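Colleague: Got a minute? I'd like to go through this protein with you.

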Amino acid sequence: MLPLSLLNAAQNKPMLVELKNGETFNGHLVNCDNFMNITLREVYQTSAEGDRFWKLKECYIRGSTIKYLRVPDTLLDAVKEEQHRAREAGRSARGAHVSGAGARGRGAPPRGRGAMRGGPIRGARGRGRGM
């Protein structure tokens, strides 16, 4: 399972984020991007020592500072099931594909590196031999 697909499915769901410096953030995921930068709302921040707490309306967390994310187990199960269904649908659709003339499937001979697309092969030593 890819982490970004899990995060995209986790939007508006509660999650816990622990940073590399030990601080934790509990809140609901608003948004995430390809760098795993995330925005949380209704956030409870805890210091690394665990002795101080803050309530924040919204916060932005840079993805490179994240140590780990914890999402509900029900969300994990739902994403796994969705990916399984998508994979099965992809397998059933593959058998109907018919290769065209230019396709490099099982029936086409390998062209190899640097070989010409048509006509006889002359010398196969590159340009400028003139023989």
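Colleague: Where is the place of M36?
Modeller: M36 sits in the loop between β2 and β3. Keep in mind that this is a predicted model.

Colleague: What is phi of M36 near?
Modeller: Phi of M36 is near 65°. That is a positive value, in a residue other than glycine.

Colleague: And is M36 buried, partly exposed or exposed?
Modeller: M36 is partly exposed, because its relative accessible area is 23%. Buried would need under 20%.

Colleague: Which loop holds N12?
Modeller: N12 is in the loop between α1 and β1. Its phi is also a positive value, near 65°. N12 is a residue other than glycine, too.

Colleague: Let's zoom out. How many helices and strands does the protein have?
Modeller: There are two helices and five strands. Starting at the N terminus, the order is α-β-β-β-β-β-α.

Colleague: What share of the residues count as buried?
Modeller: The protein has 131 residues, and 21% of them count as buried. Its accessible surface comes to about 10300 Å². Carbon and sulfur atoms hold 52% of that surface.

Colleague: What about contacts between residues far apart in sequence? What percentage do they account for?
Modeller: Take the contacts with a separation of 6 or more. Of these, 43% are between residues 24 or more positions apart.

Colleague: On to the inside. How many residues are in the largest nonpolar core?
Modeller: The largest nonpolar core has 18 residues. M15, V17, F25, L29, I38, L40 and I61 touch the most other members. The elements giving two or more residues to this core are α1 (3-9), β1 (14-19), β2 (24-32), β3, β4 and α2.

Colleague: Why would nonpolar side chains be buried together?
Modeller: That is a general tendency of nonpolar side chains in soluble globular proteins.

Colleague: Pick I61. Which residues is I61 in contact with, leaving aside its neighbours within four places in sequence?
Modeller: I61 is in contact with V17, L19, F25, M36, N37, I38, L40 and I66. So M36, from the loop between β2 and β3, is one of the contacts of I61, and M36 is partly exposed at 23%.

Colleague: Now cysteines. How many disulfides does the count come to?
Modeller: The count comes to zero disulfides. A pair would need its sulfur atoms within 2.5 Å.

Colleague: Are C32 and C59 buried or exposed?
Modeller: C32 is buried, because its relative accessibility is 11%. C59 is buried as well, at 10%.

Colleague: New topic: S47. Where is S47 found?
Modeller: S47 is in the loop between β3 (38-46) and β4 (53-61). S47 counts as buried because its relative accessible area is 4%.

Colleague: What does the side chain of S47 make a polar contact with?
Modeller: It meets the side chain of D51, at 3.0 Å. Leaving aside neighbours within four places in sequence, S47 is in contact with G22, E23, R52 and W54.

Colleague: Last topic, charges. How many salt bridges does the structure hold?
Modeller: It holds seven salt bridges. One of them pairs E42 with R41. Their closest N and O atoms are 3.1 Å apart.

Colleague: Why can side chains of opposite charge pair?
Modeller: They can pair when their charged atoms come close.

Colleague: Are E42 and R41 buried or exposed?
Modeller: In between. E42 is partly exposed at 43% relative accessibility. R41 is partly exposed too, with a relative accessible area of 25%.

Colleague: Which helix do E82 and R85 lie in?
Modeller: Both lie in helix α2 (residues 73-94). They are three residues apart, about one turn of the helix. Their side chains meet in a salt bridge of 3.1 Å, N to O. E82 is partly exposed at 45%, and R85 is partly exposed at 46%.

Colleague: And what distance do you get for R91 and E88?
Modeller: Their side chains meet in a salt bridge at 3.0 Å, N to O. R91 and E88 are three residues apart in helix α2, so about one helical turn separates them. R91 is partly exposed at 48%, and E88 is partly exposed at 35%.

Colleague: Which residues do shared salt-bridge partners join into one network?
Modeller: E49, D51 and R52. You have met D51 already: its side chain makes the polar contact with S47.

Definitions and conventions. Residues numbered from 1 in each chain as written. Predicted model: local features only at pLDDT ≥ 70, side-chain atom pairs only at ≥ 80, totals over all residues. Heavy atoms only, no water. Salt bridge = Lys/Arg side-chain N within 4 Å of Asp/Glu carboxyl O. Buried < 20%, exposed > 50% of the residue type's maximum accessible area, 1.4 Å probe, protein only. Helix = DSSP H or I, 4+ residues; strand = E, 2+ residues; numbered from the N terminus. Contact = heavy atoms within 4.5 Å. Areas by Shrake-Rupley, 256 points an atom, 1.4 Å probe, with all protein chains shown as cover. Polar contact = N/O pair within 3.5 Å; in protein donor to acceptor, adjacent residues only side chain to side chain. Core = buried A, V, L, I, M, F, W, Y, C linked by side-chain atoms within 4.5 Å.
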